[in-house]
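Please open the structure in the viewer and keep the sequence panel visible. The tour proceeds by selection, with a description of what is found at each stop.

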Amino acid sequence: MEQNVVKASGVRQIFVVWAEVADPPSAESFFENSQKNIRGYNNNGTEDPPLDLQFLRVKDSLNSRFLPIDNLTGDAVFMVDDDIEVSCSSLNESFKAWGENPDALVGYYPRIHTAKVNKKKKDSIVYHTWVSVFFRQTFSMILTKACFMHKKYLALYSNSNVHPTAITEYVDDKFNCEDIAMALLVSNATKNSNSIGHVYTEGSAQDLGLFGGISTGSDHFTSRTDCLTDLISIYKDHGWGMPLYDLSLQDVSWLNHFPGYWWQTGPSGIFEWFPSADIFQ
């Protein structure tokens, strides 16, 4: 992923969230396997300036990826997991989409929720992936595994007045669902405004860790549904109501296909089609 970030025009800074015990590599060696002179050219036709690469030493917590960054110079932050690879063209298109929707999470992995009464006759909020998004033509979340966001959301995530500590404690306890927590935060911040909270940008995004990460376990969908249900209950306990709201996949997608049939919208990667357990949720 690092070569594509370097090549993309407009990139000014790269911050690596480093929670390892060992010291991080030097900035000089970080791109040692990259080709030389791979910086792009901006809209004025001049070469982009050198990158500012910094490692952020943090504690081993999934919440740490959303800590505010003191010396961040721009408003747009591209948040990406270390096992996701996004093409340069897709990265540039998503930045354009974010420029039109600066209050939104703009990215490649849309998800949807549905309300359901479980076997214990308790209300649950069910987590669904691309398969359901496509056939329902509706989504309500963009995952932060690869997305643009405004830097203000980093500050809000750490602000207990708008993002209860019960949520960050839950993420630490489960070691999961920080992406859902951020999606809920953005939805809650935009649900009563004229801004859109989530925008899907169809592109080329590969999940290189698909078959080895925490999202591949047999209980993945159950745990994600539990996360949604539990985290949304925290919002309701604070009197804020349901933070999520439905968005039309066709209307809130950045890339439009001619002549505009609903079935022309595709996923960002072919493996988005294969979490078959989603069908039975």
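Begin by selecting helices α7 and α8 in this predicted model. Their axes approach within 10 Å and cross at roughly 40 degrees. Because angles under 35 degrees count as roughly parallel and those of 65 to 115 as roughly perpendicular, α7 and α8 are oblique to each other. The crossing of α7 past α8 is right-handed. To display the contact, select D179, I180, A181, L184, L185 and N188 on the α7 side, and R224, C227, L228, L231, I232 and Y235 on the α8 side.

Keep α8 (residues 220–237) on screen and add helix α6 (residues 165–174). Here the axes come within 9 Å and the crossing is at roughly 160 degrees. The angle is over 145 degrees, the cut-off for this class, and α6 and α8 are therefore roughly antiparallel to each other. This crossing, too, is right-handed. On α6 the contact involves A166, I167 and Y170, while α8 contributes D226, C227, D230, L231, I234 and Y235. C227, L231 and Y235 of α8 therefore deserve a label, as they appear in the contact with α6 and in the contact with α7.

Next, follow the chain from α6 into the loop that leads to α7 (178–190), and select F175. What is the sign of phi at F175? It is positive, about 50 degrees, although F175 is not a glycine. With a relative accessibility of 40%, F175 counts as partly exposed.

A second residue with positive phi is Q137, whose value is near 55 degrees and which is likewise a residue other than glycine. Select Q137 in the loop between α4 and β8 (138–139). Is Q137 buried or exposed? Its relative accessibility is 13%, so Q137 counts as buried. Show its surroundings: beyond residues up to four places away in sequence, Q137 touches S132, L247, S248, L249, Q250 and W262.

W262 leads to the next selection, an aromatic cluster formed by W130, F134, F135, Y200, W262 and W273. Display these side chains together. Across the structure there are 13 aromatic pairs. One of them is the pair of F95 and W98, which is stacked, with 6.2 Å from centre to centre and 15 degrees between the planes. Both residues belong to helix α3 (residues 88–100), where they stand three residues apart, about one turn of the helix. F95 counts as partly exposed at 43% relative accessibility, whereas W98 counts as buried at 8%.

Now return to the cluster and isolate W130 and W273. This pair is edge-to-face: the ring centres are 5.9 Å apart and the planes are at 85 degrees. Which parts of the chain does the pair tie together? W130 lies in helix α4 (residues 130–136) and W273 in the segment after β13 (247–248), so the pair links parts that are 143 residues apart in sequence. W130 is buried, with a relative accessible area of 0%, while W273 counts as partly exposed at 31%.

Move next to D75, in the loop between β2 (52–57) and β3 (76–80). D75 counts as partly exposed, at 38% relative accessibility. Draw a distance line from its C-alpha atom to that of H150: the separation is 5.6 Å, although the two residues are 75 apart along the chain. Leaving aside neighbours within four places in sequence, the contacts of D75 are W98, M149, H150 and K151. W98 is the residue of α3 already seen in the stacked pair with F95.

For the last local stop, select Y109 and K145. The charged end of K145 sits over the ring of Y109, 4.6 Å from the centre of that ring.

Finally, display the whole protein chain, which contains eight helices and 13 strands. Of its 281 residues, 48% are buried. Among contacts between residues at least 6 apart in sequence, 80% join residues at least 24 apart. The pair of W130 and W273 and the approach of D75 to H150 may be kept on screen as two stops at which to end the tour.

Conventions: Residues numbered from 1 in each chain as written. Predicted model: local features only at pLDDT ≥ 70, side-chain atom pairs only at ≥ 80, totals over all residues. Heavy atoms only, no water. Phe/Tyr/Trp six-rings, centres within 6.5 Å; stacked < 30°, edge-to-face > 60°. Helix = DSSP H or I, 4+ residues; strand = E, 2+ residues; numbered from the N terminus. Buried < 20%, exposed > 50% of the residue type's maximum accessible area, 1.4 Å probe, protein only. Lys NZ or Arg CZ within 6 Å of the ring centre and 35° of its normal. Contact = heavy atoms within 4.5 Å. Axes fitted to C-alpha atoms, helices over the stretch in contact; angles between N-to-C directions. Left-handed = near helix turned anticlockwise from the far one by under 90°.
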